[in-house]
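Please look through the following model with its helix packing in mind, and then with an eye to the space left inside.

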Amino acid sequence: AAATAAATAAATATATEAVLAKALYAVSGLLRNCRESQRAFEVGGGVVALVHTLGRVHSPKLVRKALVILTDLLAETTERAAEHPNEQEAAMEARVLASALRNSTELCAAVLQGLSMADQDTREKAVDALAGLLDAGLLHGALEPGAQREENAGFVSRASCSLSRVQKALEAFTAECDVRKSCGETHATARDLLGKLRALEM
């Protein structure tokens with residue numbers, strides 16, 4: 001409940017950057033390796049509030065923190081469901097989280113924002129978030145249904161989240177990694193993601 005309250009506070013329109021930072025760090029501490037807190041967070045709408053926050057912040061530090069929280073939460077919940085396929089509670093937790101993220105175009109747009117930032121660490125966290133969404137089968141649902149058609153027709157809003165925009169952002173990231181040779185494992189993750197996203201087009 002405390003984590004959900006902190007995420008909700010961060011999502012409010014009047015929250016300052018200082019409040020956002022404190023709320024995100026509080027959420028991170030409360031959720032880390034704590035299944036009970038994670039369950040309460042997911043059921044209480046904390047994931048939706050966190051996604052709203054991601055859509056509002058522009059500080060690389062805050063975007064990174066929010067992306068890490070979501071990526072870790074998704075990974076831990078998905079892993080529990082896979083490790084305990086016959087456990088109803090684990091399956092329910094995975095369904096609740098998937099339901100909150102399945103049609104989250106806000107999250108997709110926030111990840112694109114993270115990929116477009118100059119800060120390298122933020123871009124790497126965005127790649128990790130994309131990988132987590134794709135592995136959980138949620139990325140395709142987060143893409144805006146009409147965004148690709150509008151893009152093909154030449155009508156693209158800055159916030160639209162199409163498959164081709166995600167691909168272009170990843171291509172730019174991998175190209176920069178090729179030049180810098182400093183992206184480590186994230187470079188391989190991005191390349192793997194590109195291959196999987198291209199397969200979605202077929």
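In which sense, left-handed or right-handed, does H4 pass H7? The model to be consulted here is a predicted one, and in it the crossing of H4 past H7 is left-handed. Helix H4, which covers residues 46-56, packs against H7 at an angle of about 40 degrees, and the two axes lie 8 Å apart. Because roughly parallel is kept for angles under 35 degrees, the arrangement of H4 and H7 is classed as oblique. On the H4 side the residues in contact are Val 51, His 52, Leu 54 and Gly 55, and on the H7 side they meet Glu 106, Leu 107, Ala 110 and Gln 113. Sorted by class, the residues of this contact of H4 with H7 comprise four nonpolar, three polar and one charged.

H4 also packs against a second helix, H6, which spans residues 88-101, and here the angle is about 30 degrees with the axes 9 Å apart. The crossing of H4 past H6 is right-handed. From H4, Val 47, Val 48 and Val 51 take part in this contact, while H6 contributes Leu 97, Ala 100 and Leu 101. The residues of the contact of H4 with H6 divide into six nonpolar, with no polar and no charged residues. Val 51 thus appears in the contact with H6 as well as in the contact with H7.

Returning to H7, one can follow this helix to another partner, H11, made up of residues 163-180, whose axis comes within 10 Å of that of H7 and crosses it at roughly 25 degrees. With that angle, H7 is therefore roughly parallel to H11. The passage of H7 by H11 is a left-handed crossing. In H7 the residues concerned are Cys 108, Leu 112 and Leu 115, and they meet Arg 165, Val 166, Ala 169 and Leu 170 in H11. By class, this contact of H7 with H11 holds six nonpolar residues, no polar ones and one charged.

What remains is the space enclosed by the protein. Rolling a probe the size of a water molecule over the atoms shows where empty space is left. Counting cavities of 30 Å³ or more gives one, and the largest cavity has a volume of about 60 Å³. The residues lining the largest cavity are Leu 67, Leu 70, Thr 71, Leu 74, Leu 101, Leu 107, Val 111, Ala 129 and Leu 133. Two or more residues of this lining come from each of helix H5 (60-83), helix H7 (105-116) and helix H8 (120-135), and the largest share, four residues, is that of H5. In terms of class, the lining has eight nonpolar residues, one polar residue and no charged ones. Two of the lining residues, Leu 101 and Leu 107, have been met before, Leu 101 in the contact of H6 with H4 and Leu 107 in the contact of H7 with H4.

Key. Residues are numbered from 1 along each chain as its sequence is written. This is a predicted model: local features need pLDDT of at least 70, side-chain atom pairs count only at pLDDT 80 or more; totals for chains, interfaces and linings use all residues. Side-chain values use heavy atoms; hydrogens and water are left out. On a 1 Å grid over the protein atoms alone, a cavity is a set of points where a 1.4 Å probe fits but cannot get out, and a pocket is an open set with protein on both sides within 12 Å along at least five of seven lines; lining residues have an atom within 4 Å of a point. Grid points are joined across faces, edges and corners, and a volume is the space filled by probe spheres set on the points. Ala, Val, Leu, Ile, Met, Phe, Trp, Tyr, Cys and Pro count as nonpolar, Asp, Glu, Lys and Arg as charged, and the others, Gly among them, as polar. Axes are lines fitted to C-alpha atoms, for helices over the stretch in contact, and angles run from 0 to 180 degrees between N-to-C directions. Angles under 35 degrees count as roughly parallel, over 145 as roughly antiparallel, 65 to 115 as roughly perpendicular and the rest as oblique. A crossing is left-handed if the near helix is turned anticlockwise from the far one by less than a right angle, and right-handed if clockwise. Contact means heavy atoms within 4.5 Å.
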